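Here is a short report on one protein structure. It starts in the middle of a sheet and works outward.

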Amino acid sequence: MRTIRLPEPPSGTLGMPEIFEGGVYSVIRRAVIIGNGFSGAENQSVGLVRALGLADKHSIYRVIRPQGGINDWLHWLPVSVHQQIYYILRRICGTSRFGVVLGGKRLSPIPYDTSISAGLASVLDADAKRIATMARETFEKDGPLLVVASGRDTISIASSIKKLAPENVFVVQIQHPRRNLSRFDLVIAPQHDYYPLTPQAQVQIPKFLRKWVTPYEPPTKNVVLTVGALHQADFGALRAAAAAWHDVLAPLPKPLLVVNFGGPTGHCRYGADLAKQLIGYLQNVLASCGSLRISFSRRTPQKVSSMIVNELSDHPKVYISNGEEPNPHMGHLAWADAFVITADSVSMLSEACGTGKPVYVIGAERCTWKFEDFHRSLQQRGVTRPFTGKEDISESWSYPPLNDTAEAAKRVQEAIAERGWRLRP
């Protein structure tokens, strides 16, 4: 197995006993995560909290947005407005099957699918007033509260907590909130979120739409810029995964190539055409692979996954995850010798690029807008290469691993220190 050399998460600052450094009132011992039910966003918050040494000292609250039926047409609204409309529709319609017709499709307002939060009994409904009250009432006993939120639906909750308890909380918002950055103590955003402010992007946007799709201003002092997304795949997590998956992955013939297939998005559109391209390329490189393992995400279209399974599953070097077994993702990050990843997932790419191992990307040429800028940045840094099907997987190459999570955690520590507080080591 190749030695995994990743930087350790930054530790707290060791110093004088608390009684000489402001006492309990200046030491952050606990955190609250505000989530939106989507793993790509919530993993960023959890990863940051882990890097700050609060992995076992945090609670998760979740902003619940109604799902299903007409709710799927209302996701552009602020979550508070969406919830109010849903409540009104429920009052009007009750449990009837009344629906409305939009675009020729009948949509019932009744469904409220909470499956995105299923299985997480410890996750509480995010209530800004309740969290702020808790922060104030427990301040003298437990010290300041670190609040970490990620995703559009969490912005209003996190900013409200800051407004209601400014002396008792330190609020970090992950992903760019677009405006009024002073509502937060710190904002962590990828560099490509500022792509809309570049001259080349400005000519792509009608003037009357610019304020709706761009940040209002360049990065301010309280903005931390990253290359990709924050995540949980730090040194400790990968070491644990290497041990947990040893018996399954260690015996496989080397080199081990791992393929992660995501799903099309608004700015990375593809379908069966990309699957056909990937199948052909993989068949070309199989000769230089010892083993090939393929995983799909929840966003992968059934037609696409079925096509790949039908074409490759019978090959003796190929194993395709069926999604019913324990998720091998962390084990793959630890044991793979190289990766092929579809261009749609910033999260999967950020995790793989944190290992320092070869990362090949397929479909980047189909991405537009700031995602095109993201892939350009990775290639310019030498972190990724396009997957062409001509690679010799046995020939390795390396680069300085992306270290966004640890670097962001360091900046959080510095900002907390400027506030006169610190994290307990």
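## Strand 14

Five of the five residues of strand 14 are buried, so strand 14 is largely enclosed by the rest of the structure. Buried means under 20% relative accessible area, exposed over 50%, partly exposed in between (1.4 Å probe, protein chains only). Strands (E, at least two residues) and helices (H or I, at least four) are DSSP runs, numbered from the N terminus. From strand 14, A338, V340 and T342 point one way. F339 and I341 point the other way.

This is a predicted model: local features need pLDDT of at least 70, side-chain atom pairs count only at pLDDT 80 or more, and totals for chains, interfaces and linings use all residues. Residues are numbered from 1 along each chain as its sequence is written, and side-chain values use heavy atoms, with hydrogens and water left out.

## The sheet

Strand 14 belongs to an open sheet of six strands, in the order 13-12-11-14-15-16, with parallel pairing. Strand 13 (318-320) and strand 16 (385-386) are the edge strands, each pairing on one side only. Two strands pair if DSSP finds at least two bridges between them.

Four bridges join strand 11 to strand 14, and V258 stands opposite F339. Four bridges also join strand 14 to strand 15. There, V340 stands opposite Y360. Strand 12 (residues 291-296) is joined to strand 13 by three bridges. I294 has I320 of strand 13 as its bridge partner.

## Helices on the sheet

Helix 10 (residues 272-285) packs on the sheet and touches strand 11 (256-261), strand 12, strand 14 (338-342) and strand 15 (359-362). Its direction makes about 180° with that of strand 11. Helix 13 (residues 346-353) also packs on the sheet, touching strand 11, strand 14 and strand 15. The direction of helix 13 makes about 165° with that of strand 14. Contact means heavy atoms within 4.5 Å. Axes are lines fitted to C-alpha atoms, for helices over the stretch in contact, and angles run from 0 to 180 degrees between N-to-C directions.

Seven of the eight residues of helix 13 are buried, so helix 13 is largely enclosed by the rest of the structure. Among them are M348, L349 and C353. The buried residues pack against elements including helix 12 (329-335) and helix 14 (369-380).

## A buried loop residue

T384 lies in the loop between helix 14 and strand 16. T384 is buried, with a relative accessible area of 5%. Beyond its neighbours within four places in sequence, T384 is in contact with C353, V359, V361, L378, Q379 and W397.
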